[in-house]
Amino acid sequence: MAPQVFPLSQAPVTAHAFNVDRSQLCVSLNNNDAQILSRKGSEWVLNETLAEHDKLITSIDWAPNSNRIVTASQDRNAYVWEQKPDPETGKLVWKPTLVLLRINRAATHVRWSPKEDKFAVASGARAIAICSFDEENNWWVAKQLKKPIRSTVLSVDWHPNNVLLAAGSADLKARVFSAYIKEVDERPAPTVWGSKLPFNTICGEYSSPSGGWVHTVGFSPSGDALAFASHDSTISIVYPTGPTIYSIRLPSLPLVSLTWTSESAIVAAGHDCRPLVFTGTEQGWRESGTLDDSKSSSSSGSGFGAGTPGRLKLGAFATFQNADSRGQSSPGGVAQSDTKLSTIHQNTITSVRPYEGVNGEVTKVSTTGVDGTLVIWDTNEVSAITARLGATSFA
């Protein structure tokens with residue numbers, strides 16, 4: 001089945017999240033507003049604008065059961081949005097509830113916990129705010145994970161037990177913390193990550209292979225494995241019982257977002273503009289292919305193999321490569337550049353989210369990017385990658 005492509009905007013999409021039945025979409029178009037879009041046929045149309053932040057919204061998450069939206073922003077704030085009747089018209093409108101984050105730098109990433117009674121906000125303040133609702137004061141209060149974080153936290157992801165939290169940060173580490181709050185959580189059962197879990201316990205700490213900051217982290221559906229992708233163009237899968245770590249080095253540009261689609265498959269994407277699929281078990285992992293099988297790549301005149309990563313497919317890059325390694329130049333010394341990528345996304349993919357699933361496995365994922373496009377992919381449509389870099393060399 002061909003991917004569904006929806007051009008949403010001329011502006012970059014910095015974050016997106018769907019409601020439970022995927023009839024509505026919340027997006028941030030590189031500004032301080034979040035927009036609620038409804039699907040009408042083959043288009044998404046504006047329903048309502050959530051305007052409370054005064055700086056760029058960096059992350060959005062939509063809780064499927066409670067139907068609450070949480071937004072995080074560079075203004076150091078987060079808001080929880082709920083639908084409530086308007087006093088004058090009686091119409092349901094989205095109303096914000098204050099979150100006391102107590103951070104002095106930008107909020108960078110936000111995710112609801114599986115039970116939707118907490119959410120985690122990553123920040124540039126070398127801290128992660130674990131937020132729970134204070135009914136007495138009618139606001140959300142934060143308890144902070146700080147040690148041993150040494151730089152901006154770029155991503156977070158919850159374990160299925162609602163207590164453990166994975167975080168990737170610019171100090172080159174992926175970590176697993178306990179976010180157990182005595183007043184909120186029931187005592188969790190032991191896991192492969194440990195049994196004694198007071199707040200801020202470090203249950204695992206892992207370095208990127210070549211010293212790249214960690215863009216994205218994600219627990220497997222069971223919570224028994226952790227994946228993280230780094231700026232050194234690697235993706236790593238951790239099994240803590242060994243501990244066993246498999247790191248896959250990519251000849252392409254770094255990945256910035258990932259999601260597990262089953263216990264043995266991951267879809268990840270980033271600066272290379274196309275979603276890659278990785279498969280494996282505790283015995284080993286490999287790159288299996290891509291969801292973007294754009295046939296146009298085989299007819300490109302850049303001289304690269306059909307499996308060349310999207311960004312490196314540009315005629316401008318091929319011209320530079322030929323001049324640098326082979327001493328060749330274009331006729332008359334003028335570079336003949338083709339600036340259209342051979343991929344569906346025409347710029348960095350900023351977010352990969354699960355879209356649809358059956359029997360606990362994700363069958364479709366959604367991606368948004370700097371090109372302002374939303375794409376829905378069938379995870380079964382994996383194209384093998386052959387001739388990864390053709391005859392080129394990056395030595």
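Which residue forms a salt bridge with Arg175, and how far apart are the closest N and O atoms? In this predicted model, the partner of Arg175 is Asp171, and the closest N and O atoms of the pair lie 3.0 Å apart. Both residues are buried. Asp171 and Arg175 also belong, together with Glu205, to one network of salt bridges that share partners.

**Salt bridges**

Side chains of opposite charge can pair when their charged atoms come close. Across the whole structure, a search finds six salt bridges. Three of them are listed here.

| Acidic residue | Basic residue | N to O distance |
|---|---|---|
| Asp171 | Arg175 | 3.0 Å |
| Asp272 | Arg274 | 3.5 Å |
| Glu356 | Arg22 | 3.6 Å |

Asp272 and Arg274 are both buried. The salt bridge between Glu356 and Arg22 links distant parts of the chain: Glu356 belongs to strand β26 (residues 349-358), Arg22 lies in the loop between β2 and β3, and the two are 334 residues apart. Glu356 has a relative accessibility of 28% and therefore counts as partly exposed. Arg22, at 25%, likewise counts as partly exposed.

**A sheet of four strands**

Strands of a sheet pair through backbone hydrogen bonds, either parallel or antiparallel. One open sheet in this model has four strands in the order β2-β3-β4-β5, and their pairing is antiparallel. The strands at its edges, β2 (15-18) and β5 (43-51), each pair on one side only. On average, neighbouring strands of the sheet are turned by 25° against each other, direction ignored.

Within this sheet, β3 is joined to strand β4 (residues 33-40) by four bridges. Val27 stands opposite Gln35 in β4. Gln24 is placed in strand β3, which covers residues 24-28. Why does Gln24 count as buried? Its relative accessible area is 17%, and buried means under 20%. Beyond its neighbours in sequence up to four places away, Gln24 touches several residues, among them Phe18, Ile36, Trp44 and Trp62.

**The largest nonpolar core**

The largest nonpolar core has 17 residues, and those with the most contacts inside it are Val80, Val99, Leu101, Trp112, Phe119, Val121 and Cys131. At least two residues of this core come from each of β7 (69-73), β8 (78-85), β10 (107-112), β11 (118-123), β12 (128-134) and β13 (139-145). Strand β10 gives the largest share, three residues.

Val80 illustrates these contacts. Leaving aside residues up to four places away in sequence, Val80 touches Val99, Trp112 and Phe119, and its other contacts include Ile69, Val70, Pro96 and Trp140.

Note on methods
Residues are numbered from 1 along each chain as its sequence is written. This is a predicted model: local features need pLDDT of at least 70, side-chain atom pairs count only at pLDDT 80 or more; totals for chains, interfaces and linings use all residues. Side-chain values use heavy atoms; hydrogens and water are left out. A nonpolar core is a set of buried Ala, Val, Leu, Ile, Met, Phe, Trp, Tyr and Cys residues joined through side-chain atoms within 4.5 Å. Buried means under 20% relative accessible area, exposed over 50%, partly exposed in between (1.4 Å probe, protein chains only). Contact means heavy atoms within 4.5 Å. Two strands pair if DSSP finds at least two bridges between them. Axes are lines fitted to C-alpha atoms, for helices over the stretch in contact, and angles run from 0 to 180 degrees between N-to-C directions. A salt bridge is a side-chain nitrogen of Lys or Arg within 4 Å of a carboxyl oxygen of Asp or Glu.
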